[in-house]
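Colleague: Can you put the model up? I have a few short questions about it.
Modeller: Here it is.
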Amino acid sequence: MLDPYWQYEIPLWSVVFLFLAILLIPMEAGFWLGLRKRRLHSDAEKLARGDVTLSAMLALLGLMLAFTYSFSMSRADMRKQALITEVNAISTAFLRADLAREPSRTELRELLLEYAQSRMVKPREIKDRKQLQDVVDRSLQIQSRLWPATMSALQQKGEMRHPEMVLLVSATNDVLDAHTSRMAVIYDRLPTAVLALLVVIAAASLAATAYHSSLQGQIYRWRMIGFAFILAALMYLILDFDMIMRGFVRINYDSLESLIRQLEQSLRGSH
């Protein structure tokens, strides 16, 4: 069965080459068909002036480009926001771990640091869905120890006051919820069917434009090739927004790196 996310795993240069091939081949076919009809029909140029199909297709192409670009960009923004939310949740949980008594306090803080480190992934480290799943599994293994550590802190000798218990439990829940939210936006990608429809509409629009210009005897091949390159670049950018680590547009992990350094310094200072 075809992986619905296959386009995110093939080499980047292959994506651009594929887009160009899909766009340029129909364009050349449109030029050839238009010239052929112009030779066979003397009134071909008159028919071209009254054709409204081209305008409708170009308008549809513009609408589709705007829709898919907006979809991919909004998902990229959601992934950035999910990372910030998770950083804030881990930071708050680490601070509220001070409400616990020793030795649960240090155990919980060290576990939160280990969890934060598991959420840090270097650029281009993830190349396919299997590697992504391995990173997620590692985080889940550490995460599964967070709740037991929190329960252990609540049961530690030296009773915690009820408001302190509520704050600690709430902070741990926020860390767990942040993981779910971040995974949801990571796996929420532009569907292959939508991307395929965009490519088909773009190819059909180029073919119709080339056909129309050939009927009028005006073959602007280099202009059309340049337009095809621009379309391919824009479609790649739309796909790039949806890539997690492999594309040129990536999530900035500075906030998470800064948090990890702060947690490490805090733990060193407490020893």
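Modeller: This is a predicted model. To begin with one residue, Thr150 touches Leu108, Leu168 and Thr172, leaving aside residues up to four places away in sequence.
Colleague: Which helix is Thr150 found in?
Modeller: Thr150 belongs to helix α6, which covers residues 146-154.
Colleague: And is Thr150 buried or exposed?
Modeller: Thr150 counts as buried, because its relative accessibility is 0% and the cut-off for buried is under 20%.
Colleague: New topic. Where is Pro103 found?
Modeller: Pro103 lies in the loop between α3 (53-96) and α4 (104-118).
Colleague: Is the peptide bond from Glu102 to Pro103 cis or trans?
Modeller: The bond from Glu102 to Pro103 is cis, and its omega is near 5 degrees.
Colleague: What about the two helices on either side of that loop, how do the axes of α3 and α4 cross?
Modeller: The axes of α3 and α4 cross at roughly 165 degrees and come within 9 Å. Angles over 145 count as roughly antiparallel, so α3 is roughly antiparallel to α4.
Colleague: Is the crossing of α3 and α4 left-handed or right-handed?
Modeller: The crossing of α3 and α4 is left-handed.
Colleague: Which residues in α3 and α4 meet?
Modeller: From α3 there are Glu86, Ile90, Ala93 and Phe94, and they meet Arg109, Leu112, Tyr115 and Ala116 of α4.
Colleague: How do the residues of that contact divide into nonpolar, polar and charged?
Modeller: In the contact of α3 with α4, six residues are nonpolar, two are charged and none is polar.

Terms used:
Residues are numbered from 1 along each chain as its sequence is written. This is a predicted model: local features need pLDDT of at least 70, side-chain atom pairs count only at pLDDT 80 or more; totals for chains, interfaces and linings use all residues. Side-chain values use heavy atoms; hydrogens and water are left out. Helices (H or I, at least four residues) and strands (E, at least two) are DSSP runs, numbered from the N terminus. Buried means under 20% relative accessible area, exposed over 50%, partly exposed in between (1.4 Å probe, protein chains only). Contact means heavy atoms within 4.5 Å. Axes are lines fitted to C-alpha atoms, for helices over the stretch in contact, and angles run from 0 to 180 degrees between N-to-C directions. Angles under 35 degrees count as roughly parallel, over 145 as roughly antiparallel, 65 to 115 as roughly perpendicular and the rest as oblique. A crossing is left-handed if the near helix is turned anticlockwise from the far one by less than a right angle, and right-handed if clockwise. Ala, Val, Leu, Ile, Met, Phe, Trp, Tyr, Cys and Pro count as nonpolar, Asp, Glu, Lys and Arg as charged, and the others, Gly among them, as polar.
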